[in-house]
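Here is a friendly walk through one protein chain, with the side chains and backbone details worth a look. Please open the structure alongside and follow along.

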Amino acid sequence: MGIVDLESHRRHRLTISHIDDYSYQAGQPVSLKTDMDPEEMAQILAPLIIQQHNCRPRDQSFLVFLPGKKEVHVLADHLCNKPNLTVQRIYGGQALGAQEGMLHRVGRGSNRLVILATDVVESSVTIPSVDLVFDTCQQRRRRWNPQHRESPLTRQLVSKDEALQRAGRTARVRPGEVLRLVSRQEFDLLQQHAEPEVRHQPLDSLVVTVFGFRGISMSPQEFLHSLPEAPNQIRLDCAVARLEELGALAMEGGSLRPTPLGRLLEQLPLDPEAGQLVVNGLRYNALEECCILAAIVQLGSPLETPPVDDSSWTIQMALDFWQVQQVCCGGAPPSDLLAAAGAVRAWQNQLQSRGEDWAAEMGPEWCAAHFLCLERLQAIDEVAGQVHEVLEKLGYNAGRGLHAREGRLRAWKRRRYSRVNKGGNPEHSRINGGDPARTFRTLLGYGDAIQERLLQWCIAASYVHGAISLRGSSCTEEVRFVPRQGQRLQVEGFLRSHGFQVTSSRSERSNEVIVTFASKEEACRALQVAALGTNGSFPFKRAEANSWGRQRRLQVQLRGSAPGNCTLVAQSMSEPQVQDGAEVITACALPVKTSKGFFYLCSKNTVVPCGLLPVAIMATYFKQELAQGSSPGRFILKARFLSKWEHFDLRVADASAFADISIIRDNMDKEFAPGVAAGARPRIVNERSDAVLRLMDRLCTGGPPLQTIAPQSSFGLLRNALAPLDLSGIFEGF
């Protein structure tokens, strides 16, 4: 049977044009380039969309393919106040139910529906009838860069196959058109097929699996090189180095093999670093919470704002969401992960108190009214349950509430709420005028400071590579607002009317408005609320911190990474900082390459006490050594990150901390060593957890016990200062 050309069997006519077939903006066709910034792209696209809007029947809908989330938001700002247009934004990171719910909306009254989307709607999301597709022929993909030894997110042109897939979004139920925003000549130069993602995605999970193969006649490296799409050797070396530093690979019989820890990580339904959170939950008596954190790292936060283009999204709702985040985080320093975990606990407590019948009937509406994504809550619970099952199967009694809760949730999870599965999540609204933050506060009660400090330690020990030290990083009392057209004078009054403590404001020649708030904390709140998203109900498009004089931001790059600054995502609770110095652990550092340079975009961030990094390295990290410093009371800590050695010149401020560091290090995973009685295991874990809490108490109340002086380049090794971690007894039962 031959290959069937589906395109030749279309029921409805599909017309494809290119930008050189069109003339607009003084008659000059403009082809979009991959080095255009989002504003420049929007200035080209918006007039073209308006031109087509003015000359087509209103019942026709438009779909615009854009390379990324930022381009979606910037173009939406240009279109949101145009008459007779309803704009919807779809991009990665949104729950599937929310995406489909927005895509199935129709224009309000006589309005035309314009969907601004990234490539997530190419195939994975069902979309309604579309009459005209604008295809920028661009996308963002991770692409291996040997210079940086990373796979940064890079803006690039699509393949011809991908362009054909995008064209298939129209002409399904009636004739449709596609306008490709490149010239015919440029389109002809596109490659035919997309590159396999295995050439560019991280290899950690693949490597730990292949290195665990037994009984094959070739080495793991030879096996990987024999694959049809063999990974690049440098990428393979980076993955191996990272797994060695995690303690997942070690030399055995003259070759690298997974350690017992590596074999455990291989069986968990998680990436290796997320799996480290589970391991640290075992080590420090915080398993249930760390299972939830690991699932959140893998799947994303259940806290979700309604669509920005929804009429219900106002600054009051943004303030409500901000307050919910603060409540879910408890009394801990800002943490995206701990806030998300708090939201999961609140839902679990609500479910326990109301029961399965309530969950089936009112669960979707309750979640929507409290900024929760039910679909993601279910997925997080599924993954946490799978982790629990793996641990129990391997001989560790990991019940601690997870197993019992799984049975309790099973019934309502099976009932597949029709209102969620048929048309996405319900509208976000307040139930009976309730206050979401107050509800969360009632469900969560007072924060558990001891548990929060244990979880901070677990996050830091799992993501040492993601430690970022910020100096001179605090925001000022001033915030720079970019007003919407004709609304510059409304910005200050708008903020005052919604409870912000504003001291004064002034206008710049650039038409921006500089607002001075009563405190840094108030400026920080305004920035975080604005970062949640704005629409036409806000008199400004966006806001950013304003700095002056010598105030600047000094950042230490990620451990062992390519040279590049770290940028915390604007929606993170840890951005901006109020204090001048901060240490942030990022669980997701995405390398990004643009025409302006290379940087890391950091999300899922947690602010930790200053001075935690060297303590965590000494107590838990596998690839580290200690050396005598240049004077008494000083020493040098050497740690390997992605095959690069970093040196910390440290001064001892509290020598008693070494005793607790030794307790943690010397007893690491000894509860699983051969010959250790089952009854002795809780005592070992409790001793280790108590040592962690004493160290965290010192860091939070008395300052760092080890103070960083300056980076060093070389040192003489002081042998036996700290015993190396013994891998032989780790998780032998696994």
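## A buried phenylalanine with an unusual backbone

Phe-371 has a relative accessibility of 3% and so counts as buried, the cut-off being under 20%. This comes from a predicted model, so please read every value here as computed from predicted coordinates. You will find Phe-371 in the loop between α14 (residues 356-369) and α15 (residues 374-393). Its phi is positive, at about 60°, although Phe-371 is not a glycine.

## Two more backbone details

Arg-149 also invites a look at its backbone: its phi is positive, about 55°, and it is not a glycine. This arginine sits in the loop between β6 and β7. With a relative accessible area of 38%, Arg-149 is partly exposed.

Then there is a proline to visit. The peptide bond leading from Glu-575 to Pro-576 is cis, and its omega is near -5°. Pro-576 belongs to the loop between β17 (565-568) and β18 (581-594).

## Salt bridges across the chain

How many salt bridges does the model hold? The count comes to 33. One of them pairs Glu-186 with Lys-33, whose closest N and O atoms are 2.6 Å apart. This pair links distant parts of the chain, 153 residues apart: Glu-186 is in helix α5 (residues 184-188), while Lys-33 is in the loop between β1 (14-18) and α1 (38-55). Glu-186 is partly exposed, with a relative accessible area of 23%, and Lys-33 is partly exposed as well, at 37%.

Another salt bridge brings together the side chains of Arg-155 and Glu-71, at 3.1 Å from N to O. Here too, distant parts of the chain are linked: Arg-155 is in strand β7 (residues 153-157) and Glu-71 in helix α2 (residues 69-79), 84 residues apart. Are these two partners buried or exposed? Arg-155 is buried, with a relative accessible area of 11%, and Glu-71 counts as buried at 1%.

## A network of charged side chains

Arg-143 and Glu-197 form a salt bridge in which the closest N and O atoms are 3.5 Å apart. The two residues are 54 residues apart and link distant parts of the chain, with Arg-143 in the loop between β6 (138-142) and β7, and Glu-197 in the loop between α5 and α6 (204-210). Arg-143 is buried, with a relative accessible area of 10%, whereas Glu-197 is partly exposed at 29%. Which residues join this pair through shared partners? The network consists of Asp-119, Arg-141, Arg-143, Glu-162, Glu-195, Glu-197, Arg-199 and Glu-229.

## Helix α19 and its surroundings

Now to helix α19 (residues 449-462). At 1.5 Å a residue, its 14 residues should span 20 Å, and the end C-alpha atoms are indeed 20 Å apart, so the two values agree. Eleven of the 14 residues are buried, so α19 is largely enclosed by the rest of the structure. Among the buried residues are Leu-454, Leu-455, Trp-457, Cys-458 and Ile-459, along with Gln-451 and Glu-452.

## Where α19 crosses α24

Two packed helices are described by the angle between their axes and the distance between the axes. For α19 and α24 (residues 681-702), the axes come within 10 Å and cross at roughly 95°. That makes α19 roughly perpendicular to α24.

Which residues meet at this crossing? From α19 come Ile-450, Arg-453, Leu-454, Gln-456 and Trp-457; from α24 come Ser-689, Val-692, Leu-693, Leu-695, Met-696, Asp-697 and Cys-700. By class, this contact has eight nonpolar, two polar and two charged residues.

## A strand residue touching α19

Finally, look at Ile-585 in strand β18. At 5% relative accessibility, Ile-585 counts as buried. Leaving aside neighbours within four places in sequence, its contacts are Ile-459, Ala-460, Tyr-463, Gly-466, Ala-467, Lys-604, Asn-605, Thr-606 and Val-608. Of these contacts, Ile-459 and Ala-460 are also among the buried residues of α19.

You can also trace the C-alpha distance from Ile-585 to Ser-469: the two are 8.9 Å apart in space and 116 residues apart in sequence.

Terms used. Residues are numbered from 1 along each chain as its sequence is written. This is a predicted model: local features need pLDDT of at least 70, side-chain atom pairs count only at pLDDT 80 or more; totals for chains, interfaces and linings use all residues. Side-chain values use heavy atoms; hydrogens and water are left out. A salt bridge is a side-chain nitrogen of Lys or Arg within 4 Å of a carboxyl oxygen of Asp or Glu. Helices (H or I, at least four residues) and strands (E, at least two) are DSSP runs, numbered from the N terminus. Buried means under 20% relative accessible area, exposed over 50%, partly exposed in between (1.4 Å probe, protein chains only). Axes are lines fitted to C-alpha atoms, for helices over the stretch in contact, and angles run from 0 to 180 degrees between N-to-C directions. Angles under 35 degrees count as roughly parallel, over 145 as roughly antiparallel, 65 to 115 as roughly perpendicular and the rest as oblique. Contact means heavy atoms within 4.5 Å. Ala, Val, Leu, Ile, Met, Phe, Trp, Tyr, Cys and Pro count as nonpolar, Asp, Glu, Lys and Arg as charged, and the others, Gly among them, as polar. The expected span of a helix is 1.5 Å times one less than its number of residues.
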